[in-house]
Amino acid sequence: MPATHHEEPNYMGVFWWLLVLTILEIAVIYAPFVKFAIVILLIGMALTKASLVALYYMHLKFEKRTVGMIAIVPLVLCVFLIFMLTPDLSAIVHHSPKVEAAAEGAHAEH
Amino acid sequence: MTQAATVDHTLGVEPAESPLTPESWGKLGMWLFLAGDAMSFGGLLAAYGAIRYASGDWPQPSHVLGIQLTAFMTFLLICSSVTMVKGLAAIQHGDQAGLRRFLALTILGGIIFLSMQAYEWTHLIERGMRLSGNPFGASLFSTTFFCATGFHGCHVFGGVVYLTCVLVQAMRGRYSATNWNSVEIVALYWHFVDLVWILVFTFVYLV
């Protein structure tokens with residue numbers, strides 16, 4: 001059965017956006033910003049690029065809403081996983097050898 | 001008895017048309033597979049982030065890994081995504097020669113990507129990177145690097161084999177302006193591989 005038809009997206013336009021965002025990503029890691037800002041910018045640009053591929057190259061923009069829900073579930077679960085790991089990570093960082101050595105150093109000074 | 005058997009048989013038949021993807025059931029199957037596969041990659045990247053966050057001596061990836069080389073690999077994979085959509089658009093307009101040409105270019109992009117990854121791995125192994133440790137800092141730096149990029153590389157290899165099968169069918173003239181669902185399904189897989197590389201490149205190489 002022939003597929004449902006929709007207007008053909010501007011594939012080359014999406015390509016140029018992907019290329020520009022990739023160049024910007026490379027530029028950002030050498031920019032004189034604080035690490036946190038660099039990480040936020042990189043994640044923002046990566047998610048934008050991933051969305052462009054999913055929406056236009058995978059035609060998710062033209063699919064039924066439920067297909068979009070199927071596609072978004074892994075992202076939601078991944079974010080949930082990261083939040084579930086966060087309390088445990090804080091404890092590990094708190095007890096890491098580096099932090100404990102620093103704490104012992106501060107204690108010795110007193 | 002015969003009537004009951006007939007009723008049971010009728011109930012067991014699936015509807016001819018998928019409610020979510022009227023084009024084909026195969027397309028819905030691929031979307032479900034990709035959602036499951038995305039969870040595998042999501043788990044890997046979340047584990048990478050957790051291990052890195054908890055490590056005190058994680059090396060700065062851009063100081064150890066070749067960013068220029070992998071940036072070019074990213075560019076290559078984006079180009080192969082473009083050739084893939086162009087191939088799909090070609091067969092949607094009935095252009096079989098265009099489909100064959102663009103499929104071949106997509107496969108070539110995948111092969112060059114894999115070759116460059118092999119070169120990168122060889123270079124890093126020569127510098128002392130191993131699955132069990134490395135001279136640059138936390139031992140899990142190289143473990144997570146090889147696992148994440150290796151898992152993605154396996155997907156690229158699988159994609160190249162899959163695309164080659166579709167190309168063989170295209171050369172036999174199987175696809176036309178009214179029969180291109182298989183091309184759309186392989187395209188979904190290949191774009192997913194590209195999408196995942198965008199995330200791997202950012203989290204493993206740049207952040």
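In this predicted model, chain B and chain A meet through 40 residues of chain B that are in contact with 40 residues of chain A. The briefing below takes up that interface, the largest nonpolar core, and one helix of chain B.

**Interface between the chains**
- On the side of chain B that touches chain A, at least two residues each come from helix H2 (25–54), helix H4 (67–92) and helix H7 (181–206) of chain B, and H2(B) provides the largest share, with twelve residues.
- Sorted by class, this side of chain B is made up of 24 nonpolar, twelve polar and four charged residues.

**Largest nonpolar core**
- The largest nonpolar core holds 62 residues, and those with the most contacts inside it are Leu99(B), Val183(B), Ala187(B), Val196(B), Val200(B) and Val204(B).
- Both chains contribute to this core, since at least two residues each are supplied by helix H1 (11–29) and helix H2 (35–57) of chain A and by H2, H4, helix H5 (96–126), H6 and H7 of chain B.
- H7(B) gives the largest share of this core, 19 residues.
- Once its neighbours within four places in sequence are left aside, Leu99(B) is in contact with Gly87(B), Ala90(B), Ile91(B), Ala170(B), Tyr175(B) and Val183(B).

**Helix H6 of chain B**
- Helix H6 of chain B (residues 139–171) has 33 residues, which at 1.5 Å a residue should span 48 Å, and because its end C-alpha atoms are 48 Å apart, the expected span and the model agree.
- After H6(B) comes Gly173(B), whose phi is positive, near 75 degrees.

Terms used
Residues numbered from 1 in each chain as written. Chains lettered and ligands numbered in written order. Predicted model: local features only at pLDDT ≥ 70, side-chain atom pairs only at ≥ 80, totals over all residues. Contact = placed C-beta atoms within 7 Å. Helix = DSSP H or I, 4+ residues; strand = E, 2+ residues; numbered from the N terminus. Nonpolar A, V, L, I, M, F, W, Y, C, P; charged D, E, K, R; others polar. Expected span 1.5 Å × (residues − 1). Core = buried A, V, L, I, M, F, W, Y, C linked by C-beta atoms within 7 Å. Buried ≥ 20, exposed ≤ 12 C-beta atoms within 10 Å, placed from the backbone.
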